[in-house]
Amino acid sequence: MTRGVPWGARLALWWVATYTATAPRQEAVDRRAEIAADVADQLRAAPVVARVASRQIAGRALRGLGSDVLWRVSVERSPGRARWHLEHPATVLGALAVLLTPTVALGDTLRRTSAGRPGRALVFVHSAEVLFGAAILAIALTALLRRLVERRPDPAGPRRASLDLARRSIALLACASYGAAALWRFVPGALGKLAAAAYVVFGLAVIAWIAVAGCGWVLRSWERRNH
Amino acid sequence: MLELAVERAPERVYGFALAQALAERDGHTRLVAHGTLYKALDRMRRAGLLTAEWEDPGVAAEEGRPRRRVYQVTAEGRRALVEDPAPATRPGWGPAPA
């Protein structure tokens with residue numbers, strides 16, 4: 001993204017880069033290039049007022065968010081994707097954590113208002129909480145085991161590699177602890193205590209992730225300036 | 001969408017031109033969303049109704065713009081349009097044509 005590109009175009013290009021970031025390589029390259037060509041065509045076709053075109057491009061990007069997400073899910077049906085996601089679990093764990101957050105908030109609201117008589121909505125939301133939480137834990141655990149069994153050298157260089165590994169491991173820990181906290185937070189006894197501890201770990205992991213990601217960003221900027 | 005691509009044959013169509021043609025046909029001032037348009041094109045390509053290829057980089061460079069992905073309706077796409085025009089022409093983001 002360069003200076004001088006209208007904000008609407010930058011938004012559309014940023015969004016396509018974001019939702020294709022971990023998509024299968026060829027599909028991602030094609031989709032990004034296609035949107036870039038479309039945005040450029042719309043800017044070229046615009047009359048003198050580029051500001052209006054910029055707003056229209058942003059509108060086209062925003063109105064298509066749902067379809068973009070559905071397309072992204074559909075490309076995951078290609079062969080080999082399940083294995084890829086176990087090797088790089090951040091996308092699936094992030095998506096599940098994004099789904100779990102409003103589910104947990106909705107569940108808490110329903111529990112407050114149900115006054116001891118759980119309705120059908122609460123049963124449904126609780127099932128979703130259990131499903132998302134259990135899926136997060138299962139994927140995180142499988143990915144962790146795979147990582148321990150198959151240790152491979154990282155081509156990004158030792159310093160970058162350790163920072164990336166730390167960031168990925170912390171993200172894994174954050175997702176797993178969030179899943180555990182959501183799953184067992186109302187269970188009495190040891191599991192309830194474990195959920196409380198997991199929630200504390202989640203908070204600490206988020207802080208640590210921000211710190212490590214910040215260090216990585218500084219390091220990348222420094223490397224770019226010096227090469 | 002397929003109908004518009006057939007109308008423009010043998011000329012090959014690309015995303016933005018299709019979005020403009022659709023808005024013109026339906027009398028809309030807004031162009032169809034990126035996600036809706038390219039998801040529909042991708043679905044039709046996977047179904048074998050369209051073929052897609054990237055245009056010659058020289059042409060794009062000459063005009064000072066990024067390369068376009070151009071689409072052409074296949075024989076199967078034409079057949080689908082003749083046999084059952086409603087689902088093939090329905091763009092997927094508006095009401096079905098009456």
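1. A friendly place to start is the helix pair at the beginning of chain A: the crossing of α1(A) and α3(A) is left-handed, meaning that the near helix is turned anticlockwise from the far one by less than a right angle (clockwise would be right-handed). Keep in mind that this is a predicted model, in which local features need pLDDT of at least 70, side-chain atom pairs count only at pLDDT 80 or more, and totals for chains, interfaces and linings use all residues. Residues are numbered from 1 along each chain as its sequence is written, while chains are lettered from A and ligands numbered from 1 in the order in which they are written.

2. The geometry of that pair is easy to state. The axes of α1 (residues 7–19) of chain A and α3(A) come within 7 Å and cross at roughly 25°; axes here are lines fitted to C-alpha atoms, for helices over the stretch in contact, with angles from 0 to 180 degrees between N-to-C directions. α1(A) is therefore roughly parallel to α3(A), a label for angles under 35 degrees (over 145 is roughly antiparallel, 65 to 115 roughly perpendicular and the rest oblique).

3. Which residues meet? On the α1(A) side they are A:W7, A:G8, A:A9, A:L11, A:A12 and A:W15, and on the α3(A) side A:S54, A:R55, A:Q56, A:I57, A:A58 and A:A61. Contact means C-beta atoms, placed from the backbone, within 7 Å. By class, this contact has 8 nonpolar, 3 polar and 1 charged residues, where Ala, Val, Leu, Ile, Met, Phe, Trp, Tyr, Cys and Pro count as nonpolar, Asp, Glu, Lys and Arg as charged, and the others, Gly among them, as polar.

4. Stepping back to the whole of chain A, you will find 9 helices and 0 strands, with helices (H or I, at least four residues) and strands (E, at least two) taken as DSSP runs numbered from the N terminus. The C-alpha trace of chain A spans about 65 × 45 × 35 Å along its principal axes. Of the 227 residues in chain A, 26% are buried, that is, with 20 or more other C-beta atoms within 10 Å of their own (12 or fewer is exposed, in between is partly exposed; C-beta atoms are placed from the backbone).

5. The largest nonpolar core has 28 residues, and A:L93, A:I136, A:A140, A:C175 and A:Y178 touch the most other members. Such a core is a set of buried Ala, Val, Leu, Ile, Met, Phe, Trp, Tyr and Cys residues joined through C-beta atoms within 7 Å. Two or more residues come from each of α6 (90–114), α7 (120–149), α8 (158–184) and α9 (190–226) of chain A, and α8(A) gives the most, with 13. Beyond its neighbours within four places in sequence, A:Y178 is in contact with A:A97, A:L100, A:I136 and A:F202.

6. Chain B has 6 helices and 3 strands, in the order α-β-α-α-β-α-β-α-α from the N terminus. Buried residues make up 32% of its 98 residues. A second, separate core of 18 residues includes B:A33, B:L41, B:M44 and B:A80.

7. Finally, the interface: 25 residues of chain A are in contact with 16 residues of chain B. On the chain A side, α2 (25–45), α3 (50–63) and α4 (65–75) each give two or more residues, and α2(A) gives the most, with 12. That side has 10 nonpolar, 6 polar and 9 charged residues.

Definitions and conventions: Two residues are in contact if their C-beta atoms, placed from the backbone, lie within 7 Å.
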